[in-house]
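Work through the exercises below with the sequence and the 3D view open beside you, and try each task before reading its solution.

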Amino acid sequence: MIKSRLLNFSLLLLSSAAQAQKPNFVFLLVDDLGWGDFGCYGSEFHETPNIDKLASQGMLFDNGYAACTVCSPSRAAILTGAYPARTHLTDWIAGHKKPFAKLSVPDWNMRMDHERVVLPEALKEGGYSTAFIGKWHLMPTGEPDFDQHYPTDHGFDSNVGGREWGQPKGPGKYFAPFGMPNLDDGKKGDFLTDKLTDVAVDYLVSASEKKDPFLLYFSYYTLHGPIMAPPELVKKYEEKKKTFKNLRNECVNPARAGMVEKLDDSVGRIMAKLEELGIADNTVVILTGDNGGDTPQSSGGLRDYKAYSHEGGVREPFVVKWPGKTAAGSTCEEMVIGMDFYPTMLEMAGLPPRPDEHKDGVSLVPLLTGKSNELERDTLYWHYPHYHRTKPYGAIRQGDMKLIEFFEDGKLELYDLKADPAETKNLASTNPEQAQELLKKFKQWRTSVDAQLMTENPKYDPSKGKNKKKK
Ligand SMILES: [Ca+2]
């Protein structure tokens with residue numbers, strides 16, 4: 001009896017110690033971020049000293065991926081830990097209507113189902129305070145349950161700026177007045193990224209005064225269009241452009257470069273505030289993007305960009321700083337993807353995994369702590385049964401090989417990403433056996449996650465509609 005009481009007492013001590021040591025999380029999600037947009041990923045035109053410093057304090061992944069080439073599915077994948085193909089949330093909300101296209105788009109899902117326990121809910125159950133700031137884009141536009149899907153309906157204690165919008169649509173767009181939920185409109189000339197960063201910094205101050213660990217989920221509207229930056233920054237990069245030797249053929253849009261600089265300022269202010277508050281050593285900072293940049297030269301030499309099936313559409317900057325655990329300035333070549341954050345963050349927090357929820361993520365803790373440089377998983381999948389800039393497609397990457405299947409005509413593209421990272425040589429006809437093997441595996445995966453397939457469209461009429469051809 002005494003022994004068991006002592007045991008209970010020591011368990012209590014252990015659990016309160018674990019609570020005290022639970023790390024805070026600052027999750028920074030950038031919109032329409034190209035793989036090549038930061039200095040630490042090779043950009044010479046953009047100036048990102050703070051983001052580069054963050055990477056130098058943590059682990060930088062070379063093969064970090066978004067779960068989709070457009071916004072909403074990638075965002076839901078981070079929060080659910082499940083592939084878009086599995087949740088059936090497979091397109092940006094509300095998506096394009098293509099009534100006369102060759103294939104019918106399935107009846108896809110425009111919300112995260114409430115039955116799911118999403119990442120912020122799991123952290124809340126584990127004692128965390130949770131705050132959402134910025135772009136949400138996960139509300140079923142035009143559906144009766146539209147207003148049941150704000151961030152505060154999915155585990156966040158508070159929401160500033162999040163609604164159905166995929167981009168700022170206030171009267172001044174990126175400039176005041178902002179017209180956003182729970183955000184004051186600011187004064188003339190105020191810039192949205194600065195304004196949301198003010199909110200983030202205030203949150204850090206108040207959260208640091210409480211005993212609960214916290215999740216700050218800062219989902220930037222930037223770098224989504226409309227491309228707008230403060231005039232002094234546009235001028236700065238117009239000047240820089242005049243003498244810039246663009247050796248890497250990178251994006252040299254002065255306004256977009258100004259947006260990147262504002263983003264970098266924001267990251268710098270957050271990092272400085274964590275230091276000032278004395279909580280930097282117990283705060284994990286994560287930085288990634290939801291899909292490729294919305295401009296051809298933002299992909300760091302990868303092929304294509306946002307909404308395309310090739311690497312520029314989905315390969316993302318992916319940086320994790322876990323103080324005391326991750327070697328500063330380390331890099332990792334293993335393939336990782338948005339769904340992995342959910343199990344990773346639970347493990348970092350000492351919370352039990354939720355395998356029924358994050359079915360498609362794996363914990364990156366072994367990589368981050370240097371215990372291993374590879375995961376047991378060697379295959380990733382993408383499923384996009386929609387028309388956007390590209391024709392509907394699916395893709396599988398196993399090791400260095402990537403196969404893309406275009407659903408309209410079954411056309412295959414096979415690339416060796418190690419030998420040919422820019423996907424210039426389609427090996428599908430020279431390596432047909434390998435292509436078929438990957439195709440078979442891809443189809444088996446589609447069945448296993450209950451992916452929605454496209455069907456022949458009885459109303460198909462090539463003379464109607466504007467199904468843009470791929471460039
Ligand atoms: Ca996006």
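**Exercise 1. Unusual backbone places**

Task: Locate Ala-94 among the helices and strands, and then describe the peptide bond that leads into Ala-94 from Ile-93.

Solution. Begin with the position: Ala-94 sits in the loop that runs between H4 and S3. Keep in mind from here on that this is a predicted model. Next, look at the bond from Ile-93 to Ala-94, which is cis, with omega near 10 degrees. A second cis peptide bond leads from Ala-176 to Pro-177, with omega near 0 degrees, and Pro-177 belongs to the loop between S5 and helix H6 (192–208). These places deserve a closer look because most peptide bonds are trans, just as most residues other than glycine have a negative phi.

Task: What is the sign of phi in Ala-307, and is Ala-307 buried or exposed?

Solution. Take the angle as the first step: phi of Ala-307 is positive, at about 80 degrees, although the residue is not a glycine. Then find its place, which is the loop between strand S7 (283–289) and H9. For the last step, the cut-off for a buried residue is 20 or more other C-beta atoms within 10 Å. Ala-307 has 22 C-beta neighbours inside 10 Å and therefore counts as buried. The same steps can be taken for Glu-423, a residue other than glycine whose phi is positive and near 50 degrees. Glu-423 lies in the loop between S13 and H12, and with 20 other C-beta atoms within 10 Å it is buried.

**Exercise 2. Two sheets**

Task: In what order do the strands of the open sheet of 4 strands follow one another, and which strands stand at its edges?

Solution. Reading across the sheet gives the order S10-S11-S12-S13, and the pairing is antiparallel. Strand S10 (379–384) and strand S13 (412–416) each have a single partner strand, so they stand at the edges and one side of each is left without a neighbour in the sheet. From one strand to the next, the twist averages 10 degrees. Now examine one pair within the sheet: strand S11 (residues 393–398) and strand S12 (residues 401–406) run antiparallel and are joined by 6 bridges, and Ile-396 has Leu-403 in S12 as its bridge partner. Finally, add helix H12 (residues 432–448), which packs on the sheet by touching S10, S11, S12 and S13, with its direction making about 70 degrees with that of S12.

Task: Work out the strand order of the open sheet of 8 strands, and find its edges.

Solution. Here the order is S5-S4-S6-S1-S7-S8-S2-S9, and the pairing is mixed. The edges are strand S5 (158–160) and strand S9 (330–337); each has a single partner strand, so one side of each has no neighbour in the sheet. Neighbouring strands of this sheet are turned against each other by 15 degrees on average, with direction ignored. As an example of one pair, strand S2 (residues 59–65) and strand S8 (residues 318–321) pair in the antiparallel sense over 2 bridges, and Met-59 stands opposite Val-320 in S8.

**Exercise 3. Domains and core**

Task: Which domains does the domain assignment give, and how many residues does each bring to the contact?

Solution. The assignment gives domain 1 (23–373) and domain 2 (382–456), whose C-alpha centres lie 26 Å apart. Their contact takes 30 residues from domain 1 and 28 residues from domain 2. On the side of domain 1 that touches domain 2, at least two residues each come from helix H4 (84–87), strand S3 (103–104) and helix H9 (311–314), and H4 gives the most, with 3 residues.

Task: Where does the largest nonpolar core lie with respect to the domains, and why?

Solution. The largest nonpolar core has 123 residues, and Phe-27, Leu-28, Ala-200, Leu-216 and Phe-218 have the most contacts inside it. Helix H8 (residues 254–276) supplies the largest share of this core, with 8 residues. Because domain 1 (23–373) and domain 2 (382–456) both give residues to this core, it lies between them. To finish, follow Phe-218: leaving out residues up to four places away in sequence, Phe-218 touches Val-26, Phe-27, Leu-28, Ile-133, Gly-134 and Ala-200.

Definitions and conventions: Residues numbered from 1 in each chain as written. Predicted model: local features only at pLDDT ≥ 70, side-chain atom pairs only at ≥ 80, totals over all residues. Core = buried A, V, L, I, M, F, W, Y, C linked by C-beta atoms within 7 Å. Buried ≥ 20, exposed ≤ 12 C-beta atoms within 10 Å, placed from the backbone. Domains from an automatic or database assignment. Contact = placed C-beta atoms within 7 Å. Pairing = 2+ DSSP bridges. Axes fitted to C-alpha atoms, helices over the stretch in contact; angles between N-to-C directions.
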